[in-house]
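Thanks, everyone. I have a few local features to go through, and I will keep it short.

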Amino acid sequence: MERVCFSFQIKPGTEDEYKRRHDEIWPELVEAIQESGFTNYSLFRRGLQVIAYAECEPDVATAFGKIGSYDVNTRWSAWFEDVIEQLTDEDGQMFFAPEVWHLD
């Protein structure tokens, strides 16, 4: 298992809509997330910044590779284009935060 943390920005004024959409998350997306190897997945918001944490089995690359192959993930991502300001940098890389310390 490998842990991952990343962040991204949502557009000003979309805070409530971002929360509402997650309150009504599609069951088939949840299933795809789980089947891809993500567990203990959490999103936190501070202002316009969203911080994500997840545990990935067997590792981050495999879990993200699997979720990317699901049509429901593609549809969900497209639905959020009007809400998310910036998900990746200019090179298409997510804003990952390297782990510094962990306590079990």
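**A surface patch and three single sites**

Start at the surface: Val100, Trp101 and Leu103 form a nonpolar patch there, with about 460 Å² of accessible area together. Keep in mind that this is a predicted model. Within the patch, take Trp101, which sits in the segment after β5 (95–96). Is Trp101 buried or exposed? Its relative accessibility is 66%, and the cut-off for exposed is over 50%, so Trp101 counts as exposed.

Now to Ser7, in strand β1, which covers residues 2–10. Ser7 has a relative accessible area of 18%. Buried means under 20%, so Ser7 is buried. What is Ser7 in contact with, leaving aside its neighbours within four places in sequence? The list is Gln49, Val50, Ile51, Leu87 and Phe95.

Two points on the backbone. As background, most residues other than glycine have a negative phi, and most peptide bonds are trans.

The first point is Asn40. This residue is not a glycine, yet its phi is positive, at about 45 degrees. Asn40 belongs to strand β2, residues 38–46. Its relative accessible area is 46%, which puts Asn40 in the partly exposed class.

The second point is the peptide bond from Glu57 to Pro58, which is cis, with omega near 0 degrees. Where is Pro58? Pro58 lies in the loop between β3 (49–56) and α3 (60–67).

To recap: an exposed Trp101, a buried Ser7, a positive phi at Asn40 and a cis bond from Glu57 to Pro58. That is what I had.

Definitions and conventions
Residues numbered from 1 in each chain as written. Predicted model: local features only at pLDDT ≥ 70, side-chain atom pairs only at ≥ 80, totals over all residues. Heavy atoms only, no water. Patch = residues over 30% accessible without salt bridge, like charges linked within 9 Å, V, L, I, M, F, W, Y side chains within 5 Å. Areas by Shrake-Rupley, 256 points an atom, 1.4 Å probe, with all protein chains shown as cover. Salt bridge = Lys/Arg side-chain N within 4 Å of Asp/Glu carboxyl O. Helix = DSSP H or I, 4+ residues; strand = E, 2+ residues; numbered from the N terminus. Buried < 20%, exposed > 50% of the residue type's maximum accessible area, 1.4 Å probe, protein only. Contact = heavy atoms within 4.5 Å.
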